[in-house]
Structures are given as structure tokens and as C-alpha cells.
Amino acid sequence: MHLTQEKLRFILKESGVVNDRVFDSAVGESDADNSVEDVLVRRGDIPEHYFAELIAKYANIPIVDLPGMSISKDVLDLVPESFAQSRHLVIFEHKPGELAKVAMLDPLDYETIEFLRVKLGVWVEPYITTKSGLISALKQYKEVISTEFTKAIKENVEKSLSLTGEADLSKMAEAVSIVAILKSIIEYAITLNASDIHFEPFSKNLVVRFRVDGVLREVFDLPKQVESNLVARVKILANLQIDEHRLPQDGRFKFDVSDKESVDVRVNITPVLYGEKAEMRLLKSSARPLTLEDIGLSKEAIAITLEEIRKPHGMILVTGPTGSGKTTTLYVILHILNTPAVNITTIEDPIEYEVSGINQVQVNAKAGVTFATGLRSILRQDPNIIMIGEIRDPETVNIGVQSALTGHLVLSSLHTNDAPSALPRLLDMGAPAFLLASTVNLVIAQRLVRRICLSCIESYEISPEAVKLINAQLALIGSEAMKKDEVPKTVYRGRGCNICGNSGFKGQIAIFELVRISDAIKTMVLRSAPSGEIRDAAIKEGMTTIFEDGLDKIRRGVTTIEEVLRVIQE
């Protein structure tokens, strides 16, 4: 923002929502990538739209609400997406020879306004918008990208078909057309914010699917002839054996999106009936570290989590099924704990995110580095905090518990359906009850639900069938939940629009339940009580269950009833 800090301070203080103490703390948290206003909005000190209104009033500039607005391709094409992204703007209306209306995060950036005036040859009228509004508008470039992507794929497939007669697979994999196909596919997946790319070979074709917001969708299919060349290209990038077709292989490579941004691509190649299936997990290495608020924890849950992770020793467990965001939660906690005063070491399979200042060990079974052997070595590295990617076997359980007992803070993940089940599960894996009761501080269980798209969100009156389903779930939890949670009369959904690909959803958020290991629960662990009994005790002590947290997010318009019911029944 082209405003001095003191001028910004004055505007915000005059509004009455931000005082000097709050503003100064935001200044302390700000950096090159996060401005003072970004910090204030992210922390919830000032609503995003209200901040835009204050600046609009101060600068006497109109405000524009971009979500839901359809911008024509001709208008989008007036400036490249890279320019729009870097200058934080989008042209939303254009009258040739007369006027261009431009939505900007910083409508006081007169240098950019003058540049656009000269480039377009028209008068430029700046409007202020919110960051979320700008993001939704910029995503309309996807339609243009989609058209270009389809065209590029078609052209390069035709070229690649002429190469299938060549004998040298490595030469075919390096052919320009094959390189271009894979590059286009990865770029398109990144544009759609996909987390995974699947190449699935069948008898007559190769199906390409993306996982977007946790749900797989088929993007297109390719001729069977390009399958081996395309998979070979993936193998070359991931430094795998190109001539090995019988055994599964794992690898990774880095894909450069721009000069400042790259994506880590984790690769698995597995032989299947009609060839080799390639799975690529896309991990944004340059993404801003998430906060506990970002992943969906409530204020009460955040307070509990911060209190427990700041204890010098003990064990913090994150549980849930595969794909429920456990690793992301562990990394968020690691970012909070990562200071020069502590030695943090992790052992992971695989290392999903590289974190500066943390020692990360990759499991390598061929070299004899398992979770158990790696953990023993880590304990000789004078760690304060240890993160075990996943507890899989009795040996890892026992070493982890012993580590927590001897002055280390241990973070790990576990596969259980809910938080109370984690303790009996560890007992089943051989952890001594008296040690477990003394070491586990907190268990966090979670699921991922899709967020309602803010560009097409609408309210509607809840149906009697939905009320019955909600009451049935509350009844399963118990009478305390029935008393505490009122079924909302009005709920929300996404109509479907071009921003969310007509799905009604955009992005994901987690729903949680947290169990603190109280004295009463410790006593139950010592006598190996079943998970149901531990669950009842935790609820009586005030635990908010996963369904109740989901119900709160339904009530607030974050997600839908169908989403919450879908994930809790997994």
C-alpha cells in the first residue's frame, strides 16, 4: 500500500478498531511477503472488507465487489495474468477508446495506473477491492488457460504419435512434444490448485485425473501410444530407472512455476494391468506457512494446542485417516515451535515440505533407515523436539514414548477414527499403560471438508431430513451434545460458478476434536479402558467432537451438511 505506516496507523485508529498496541504488534509480524494490513486481516483484528472501505473513504475511491462478477476474455486479455498477479489488479470493465475500470489492492499506486493509461490508451479509473475478491477474479484467467492447455495438448500429442516407432525410450521421453505435454499438464494442475495428478493406463487410452479440494476429477484422456513416453519422462525428471517396469518406484523433482515460485513434485510409479500408473503429489515449497486459524482450529482449540505444545516434554498426537491433513497440522505446529533456541529433528516418509532451521531425515528402508532406527540415531543428536511422520509399529511406539518420558517433546501422527481411540490403539501396539499415561499430553483428531465457494454462496432453509440426520449424530454423541447444539434453521451451499468449476466448493478446511489427557483419563489408560469410555469422559470434560466442530462450521457458512456427514462416516 502506497501509504506511510503512520498514515495507515492514523486511519485505523480513527476507525476505532485498531489501537497502537495491536498496530505495533502487526508491524513486528510484517515482512516482505506480508504487509501490516495483511497481518491485521489474517489475525482477525480488522475485517477485510471493512479495511477496504476505510481506504476507499480516505482516498475517495470507489470500492468494487468482485466475487461472482464475470469478466470477458477480451477484457482479461488486455494485460497478461503475470502482470495482473504481480501488480495485484484486474481490469473488470473496458470501453475501447474511452475508459478502463481497474480493481486494485492498492489504488494509490499511481505509477501502475499511469502505465496502464499509456498501454491501453484510455482513461484508467481505479477501484479498491479485497484480497479475496481479487483472487476470485484472477482465477477467471483459468478459462483462458484451459483453452490454451487443450490446444497445446492436442498439438503435441499429434507430434508425439510420430515418435512411437523409435527404439530408444529415453530419446522419445526427451522429445519436445512429450516434454511440452507433461509441462502443460503440471501447469494446468497448479492453476486449478490440484494436490495430485494421476496418469491411469487402460487398454485403449491413458486417463489423466486431478485431485482438487480432495475430490478426483477426470480432466481428459490421451492416446494409448503416448503412455510409455509420458511415464518415461516422469521417471527421468524424478531420477528413476527408466527401464524398470516390474517394481514400484518412488522419487521427486522440482517444477519451476516462475522465478520466485516452485513446486515439489513427489512421484510414485506402480505397475498395473495395462502399463504403469504414475501418481504425482504437488507440494508448494514457497507457500506461506499456515497458521492454526488457517487450518480451521477454533479459538478455544488454539488456546489448548498452544498451551500443550509449549510444554518441554510429552507427546502430541494427530490422528485421522489417510488424506485428512495430519501432516499439514504437524508442520503448522513445527513452524510455531521453530526458533533458534531449540533443536528440532524430524523423521519422515517422505519429507513433504522442506522447512528452514529444522533437521529432516528421510526414511530409506534400502539403506536401513526405518522410523525405529532413524529415531534411535536422532536421540543422539541432542534434540529438544522430535517429529515422527507416522507411528506404524510397536518398536516406534516404544521409542517415541521413551523419548517423551526423557525430556523431549514428541509430535507424531496415527491412524484412528477419533481422538479417544488413539490411546487404546497405542496400548494395542505394545506401549506400557503406565508410560503412556505419563507421556501423552494431547490428541488431535481431524477430517478435511470442502469449503463453500464464496463467489456463489447462498443460504436456504434446512430440510426436515437434514434435521433428522443432524439430531441422529448428536444423539450418538450423547445428551450433553443434544442440549448444547441447536440445529441451525438456515444453512448454506454453493450454487456453482465459473470460479469453482460449478462444484460449489473452493478449497478445504479441517474439522477437529481435541482430547487433553486429564487425571481421570490417565486413570482409564492405566486400567486399559475401551475408547468408548474414554470418549464419554472427554465429552463430560468439555471436548467438542468432530461432528460438533463441523456443525459449527455449517452454522457459519464455511461448509455444508453433506460434506460433514460424508467425512465423519469415512
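Which residues make a nonpolar surface patch of about 350 Å²? Phe202, Leu273 and Tyr274 do, and the third close-up returns to them. The model is predicted, so local features are reported at pLDDT of at least 70 and side-chain atom pairs only at pLDDT 80 or more, while totals for chains, interfaces and linings use all residues. Residues are numbered from 1 along each chain as its sequence is written, and side-chain values use heavy atoms, with hydrogens and water left out.

**View 1. Helix α1 and its buried face.**
Helix α1 spans residues 5–15; helices here are DSSP runs of H or I with at least four residues, strands are runs of E with at least two, and both are numbered from the N terminus. Look for Leu8, Arg9, Ile11, Leu12 and Ser15, which are buried. Buried means under 20% relative accessible area, exposed means over 50%, and partly exposed lies in between (1.4 Å probe, protein chains only). Seen down the axis of α1, the buried residues fall within an arc of 165°, so they line one face of the helix; the arc is taken from the directions from the helix axis to the C-beta atoms. An α-helix has 3.6 residues a turn, so residues three or four places apart point the same way. Glu6 and Glu14 are exposed on the face turned away from the buried side of α1. The cover over the buried residues of α1 includes α2 (20–29), α3 (36–42) and α4 (48–59), where contact means heavy atoms within 4.5 Å. After α1 comes Gly16, with a positive phi near 85°.

**View 2. Three salt bridges between separate elements.**
Side chains of opposite charge can pair when their charged atoms come close. A salt bridge is counted when a side-chain nitrogen of Lys or Arg is within 4 Å of a carboxyl oxygen of Asp or Glu, and a search of the whole structure finds 31 of them. Start with Arg9 and Asp20, whose side chains meet at 3.0 Å, N to O. Arg9 belongs to helix α1 and Asp20 to helix α2, so this pair ties together parts that are 11 residues apart in sequence. Arg9 is buried at a relative accessible area of 15%, whereas Asp20 is partly exposed at 32%.

Next come Glu276 and Lys235, which form a salt bridge at 2.9 Å, N to O. Glu276 sits in strand β9 (residues 275–284) and Lys235 in helix α12 (residues 227–237), so the pair ties together parts that are 41 residues apart in sequence. Both ends are buried: Glu276 has 8% relative accessibility, and Lys235 has a relative accessible area of 1%.

In the remaining pair, the closest N and O atoms of Arg493 and Glu458 are 2.9 Å apart. This salt bridge links distant parts of the chain, with Arg493 in strand β17 (residues 490–494) and Glu458 in strand β16 (residues 457–461), 35 residues apart. Arg493 is partly exposed at 36% relative accessibility, and so is Glu458 at 24%. Back at α1, salt bridges that share partners join Glu6, Arg9, Lys13, Asp20 and Asp24 into one network.

**View 3. The nonpolar patch and the strands beside Phe202.**
Here are Phe202, Leu273 and Tyr274 again, with their patch of about 350 Å². Patches are made of residues with over 30% relative accessible area and no salt bridge, joining like charges within 9 Å and nonpolar side chains (Val, Leu, Ile, Met, Phe, Trp, Tyr) within 5 Å; areas come from the Shrake-Rupley method with a 1.4 Å probe. Phe202 lies in the loop between β4 (194–201) and β5 (205–212) and is partly exposed, with a relative accessible area of 38%. The two strands β4 and β5 form a hairpin with 3 residues between them, pairing in the antiparallel sense over 7 bridges. Strands count as paired if DSSP finds at least two bridges between them. Ala194 has Val212 of β5 as its bridge partner.

On to β6 (residues 215–223), which runs antiparallel to β5 and is joined to β5 by 8 bridges. Leu206 stands opposite Leu222 in β6. The hairpin of β5 and β6 has 2 residues between the strands, and Asp213 in the turn has a positive phi of about 55°. In β5, 6 of the 8 residues are buried, so this strand is largely enclosed by the rest of the structure.

**View 4. Thr406 and Gly314.**
Thr406 is found in the loop between α17 (394–405) and β14 (409–414). Thr406 is exposed, with a relative accessible area of 54%. Gly314 is 92 residues away along the chain, yet the C-alpha atoms of Thr406 and Gly314 are separated by 8.7 Å.
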